[in-house]
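These are my notes on the model, set out point by point. Please read them with the coordinates open.

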Amino acid sequence: MDKDNDKDNDNNDKTDHASPREHQSDDVQEITGSLMTGESYQKQQSVEQPAPEPAFKQPDPEPEPEPELTLHQALEGVDRYLQVLSVTNHKTADPPEVPNAVESLIKMVEEMVSNYSVKAKFGQNQEEDSSFTESLSRITKMLNLLREFDSHSTSGSSINRATTVLHQAMTMLDTEMYSILESCHHKGGNVDPKTPKATKQPNDQNPQESEPKEEEEYPSFSPEQIAGLNRIANIMISSGYENDCCLLYNAMRRKTFLNELEKLGFENISMEDVHKMQWEAMEGEIATWINVMKHCSTVFLRGERKLSLSVFADYPSISKRLFGDLAAAVIIRFLNFAEAITLTKRSAERLFKFLDMYETVRDLDPGIDDSYSIETAEELKSETWAAKSRLGEAAVSIFCDLENSIKRDNGRTPVPSGAVHPLTRYTMNYLKYACEYKDTLEEVFKQHLRMDESSDSNVQHSETKEGNPRDDGKSETSRFGGQLNKVMDLLEENLDMKSKLYRDASLRYVFLMNNGRYILQKIKGSNEIYEMMGLTWCRKLSSELRMYHKSYTRETWSRLLQCLSLEGLQVHGKVAKPAVKERFKMFNTMFDEIHRTQSTWVVSDEQLQSELRVSVSAVVIPAYRSFLGRFQQYMTPGRQTEKYIKYQPEDIENSIEELFGGDPTSMARRRT
């Protein structure tokens, strides 16, 4: 009796400690029951209520084949199975038995993949594409749920089959995406490979006038193709193939992008090749670099951003990352070329190309915005800042070397005929062109210019220049303006030194007038340099020119006018004819010498030339006419008059008009 009680107690204990699998919730049992086929349900009923055995046993009938499920039925069956999986404890229970609907759906997907490979491509039949997408979605969800279970004793085969068919589908979609992306690569966009190389744009030209058309044409995908890429991307990413999708997209778009750059003439030139280039070839490469980089920032990158947003519209973070990776690869390639250029030999003629490159990199920086991921944006901003800094430092170094060029020009041979010195022409043309970049030069000087620490006097000089009051009463704080004034001071000092090489004091002043007038005209002819130098500086130079003019007149014509003075021509109140004759003779000799010499001198500025001739005529002709009218009567008519009175006032005037023409034969022509 006790044994029976013990046995009952043992049975009760076993019931109380039954496995959790035996205590699944009622809702799971309900859903599980709903998955059973009619035949399974009848078998369960027959087990619960066994029928009486017949007197004789008949052979079992062959099971009837189950009817083929439609796609809709298969999807419904899989959905019910997914519900069961989602509420089953994957840590303590085995997954429920896989229903026939799963196998049916796998077979249907296999057929769909096969049909896409031989018949209509994905994207050509919207209804079929929708069914395909829904089927892959169910398979993906099922695999994700089944893989959460520790045991796959009942589902291992189904997992393998589903994984295989999903991989086949992804391979097909991968191929289709490749085909669409490759089609754009073969089209090659609409960029003309003969696009002219970049030059500095005139102020009145608007380079954006043709941009809208170019922006629409790149990249050259049709709306249907973009929609297809979007559907493929959505399926691959939601199916767990994000990495494959992104790798393919990035590789193909980078390939196409680099192909477009090559069509525009930009190739990946190594730093070693850059250093081996002659300047003429390098200048052409820089122009191409500027042109292509501007085209990239205004057309290519905008087009790529728009494309990535369309293809990955449902995944903005992926879109931003893919675009940022592509843009970063291209931009850094451009910046590497800029860095290679900054490491080449620096010379004066390279300044303006360096400044063009600086402006191009600077204008690129604002485009690095929230279109990029934070990490990519920070990396690109850092790289562009470094490239811009190196280009700016090179530009400052080249411009400052202009000072050394002026200091080194200490030749001891004067320029013939007092003409404008080549140093003056070179310096002023250089400064005139440099001032067209005055805003950019101001920017780079503020960032990079460093005073010579070994020379306190240079520091004080620069500070004085920067602190000079401008014409508008405001304090001058321009770093570039201070450097410009320093160059002008050095040029004036150099010209003053060169003027002392002339033995003839008159020619010395003609040389100073020529160079001073050239400088003044260059400044007045350029709004940029005139704005930098200021009205006060120009007035100061004009004052110096008037002083040179007076000095020239004094040195050249004062002695000639002494021949026409009345002093010493009368003795005891009467005109001394010998003295008059000597005066006429001295005048003729001196005027001939002046004309012979100064007709070879050069005054290239027509206004200055006219001013000099007018001022000389105003001094000499009235004095000579008065002297001639007063003392001509004391000459004996005939040969004596012709001998001493060589010039009439009109002849003097004509001879003066021949001065400063740089023609040594003018006197000979006049005499013949």
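1. Helices and strands here are DSSP runs, with at least four residues for a helix (H or I) and at least two for a strand (E), numbered from the N terminus. Counted that way, the protein has 27 helices and two strands. The model is predicted, and the points below should be read as statements about that model.

2. Overall burial and surface. The protein has 672 residues, of which 43% are buried. Its accessible surface is about 37100 Å², and carbon and sulfur atoms contribute 48% of that area. Among contacts with a separation of 6 or more, 80% are between residues 24 or more positions apart.

3. Cysteines. How many disulfides does the model contain? The count is zero. A disulfide is a covalent bond between the sulfur atoms of two cysteines. The cut-off applied to the sulfur atoms is 2.5 Å. For C246, the closest cysteine sulfur is that of C245, and at 5.3 Å it is too far for a bond. C246 is nevertheless buried, with a relative accessible area of 6%. C296 is buried as well, at 3%.

4. Aromatic pairs. The model has 29 aromatic pairs. One of them is F399 with F480: the ring centres are 5.4 Å apart and the planes meet at 65 degrees, so this pair is edge-to-face. The pair links distant parts of the chain, since F399 belongs to helix α15 (residues 374–408) and F480 to helix α19 (residues 479–499), 81 residues apart. Are these two rings in buried or exposed residues? F399 has 0% relative accessibility and counts as buried; F480 is buried too, with a relative accessible area of 0%.

5. A tilted pair. Y502 and F511 also form an aromatic pair, with 5.2 Å from centre to centre and 45 degrees between the planes, which makes the pair tilted. Y502 is buried at a relative accessible area of 9%, and F511 is buried at 0%.

6. A ring cluster. Which residues are linked into a cluster by ring pairs? They are F352, Y426, Y430, Y433 and Y437.

7. L301 and its surroundings. L301 is located in helix α12 (residues 279–311). Its relative accessibility is 9%, so L301 counts as buried. Apart from neighbours within four places in sequence, L301 is in contact with F257, C296, F323, A327, I331 and Y372. Of these partners, C296 is the buried cysteine already listed in the third point. For I331, which is 30 residues from L301 along the chain, the C-alpha atoms of the two residues are separated by 9.9 Å. That separation is between C-alpha atoms, whereas contact is judged on heavy atoms within 4.5 Å, so the two statements about L301 and I331 do not conflict.

8. N234. Where does N234 sit, and what does N234 touch beyond its sequence neighbours? N234 is part of helix α9 (residues 223–238). Leaving out neighbours within four places in sequence, N234 is in contact with D314 and Y315. N234 has 17% relative accessibility and counts as buried, because the limit for that class is under 20%.

Definitions and conventions:
Residues are numbered from 1 along each chain as its sequence is written. This is a predicted model: local features need pLDDT of at least 70, side-chain atom pairs count only at pLDDT 80 or more; totals for chains, interfaces and linings use all residues. Side-chain values use heavy atoms; hydrogens and water are left out. Buried means under 20% relative accessible area, exposed over 50%, partly exposed in between (1.4 Å probe, protein chains only). Accessible areas come from the Shrake-Rupley method with a 1.4 Å probe; for residues, only the protein chains shown count as cover. Rings of Phe, Tyr and Trp (its six-membered ring) pair if their centres lie within 6.5 Å; planes under 30 degrees apart count as stacked, over 60 as edge-to-face and the rest as tilted.
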